[in-house]
Amino acid sequence: MISGINFLYFLFFIFIAKMRLSEATPEKLQELFELIINEKLQHDFSYYWNSQEEFYYDIRECARQEGYDGDLDNYDAMYWYFKGKNNTPAQQP
């Protein structure tokens, strides 16, 4: 469950703001990728990928594998989806 303020930001970014992956800085893309895989990378972008296109592809594929079914070119929507997903405590049975 997304907290109230995060939910409002989430709605704002889904319906109003839309930064495409190609418009994001490499640092923002790396932050997004780390949210998607829920792990901190040890090196920067150039260590893992030969081109930005490869990086975009991996972001989209990993997001899809992690259950994201929204716009795969919307940086903001993906960021807030995974930010909320990673900050949500697991429910106890």
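Where does Asn74 sit? Find it on the structure with me: Asn74 is in the loop between helix 4, residues 52-65, and helix 5. Before we go on, remember that this is a predicted model.

Okay, so is Asn74 buried or exposed? Its relative accessible area is 3%, and under 20% counts as buried, so Asn74 is buried. Now look at what its side chain is doing. Asn74 caps the N-terminal end of helix 5, with a side-chain oxygen 3.1 Å from the backbone nitrogen of Asp76. There's also Ala77: its backbone nitrogen lies 3.0 Å from a polar atom of the Asn74 side chain.

Right, on to helix 5 itself, which covers residues 75-86. Here's a little sum you can follow at home. Helix 5 has twelve residues, and at 1.5 Å a residue it should span 16 Å. Why don't we just multiply by twelve? Because the expected span uses one less than the number of residues. The end C-alpha atoms of helix 5 turn out to be 16 Å apart, so that agrees. As for what's tucked away, the buried residues of helix 5 include Tyr75, Met78, Tyr79, Trp80 and Phe82.

Next, meet the partner, helix 2, residues 26-37. Helix 2 also gets twelve residues, and its first and last C-alpha atoms are 16 Å apart, close to the 16 Å expected. Among its buried residues are Leu29, Leu32, Phe33, Leu35 and Ile36. And what do the buried residues of helix 2 pack against? They pack against helix 3 (45-48), helix 4 and helix 5.

Let's zoom in on that last pair. Helix 2 and helix 5 pack at an angle of about 40°, and their axes are 9 Å apart. Angles under 35 degrees would count as roughly parallel, so at about 40° these two are oblique to each other. Their crossing is left-handed. On the helix 2 side, the contact is made by Lys28, Leu29, Glu31, Leu32, Leu35 and Ile36. On the helix 5 side, you've got Tyr75, Met78, Tyr79, Phe82, Lys83 and Asn86.

One last stop, just past helix 2. Helix 2 is followed by Asn38, in the loop between helix 2 and helix 3. Asn38 has a positive phi of about 55°, although it is not a glycine. Its relative accessibility is 56%, so Asn38 counts as exposed. So there you have two asparagines in loops: Asn74 is buried, while Asn38 is exposed.

Key
Residues are numbered from 1 along each chain as its sequence is written. This is a predicted model: local features need pLDDT of at least 70, side-chain atom pairs count only at pLDDT 80 or more; totals for chains, interfaces and linings use all residues. Side-chain values use heavy atoms; hydrogens and water are left out. Helices (H or I, at least four residues) and strands (E, at least two) are DSSP runs, numbered from the N terminus. Buried means under 20% relative accessible area, exposed over 50%, partly exposed in between (1.4 Å probe, protein chains only). A polar contact is a pair of N or O atoms within 3.5 Å; within protein, one must be able to donate a hydrogen and the other to accept it, and residues adjacent in sequence count only if both atoms are side-chain atoms. Axes are lines fitted to C-alpha atoms, for helices over the stretch in contact, and angles run from 0 to 180 degrees between N-to-C directions. Angles under 35 degrees count as roughly parallel, over 145 as roughly antiparallel, 65 to 115 as roughly perpendicular and the rest as oblique. A crossing is left-handed if the near helix is turned anticlockwise from the far one by less than a right angle, and right-handed if clockwise. Contact means heavy atoms within 4.5 Å.
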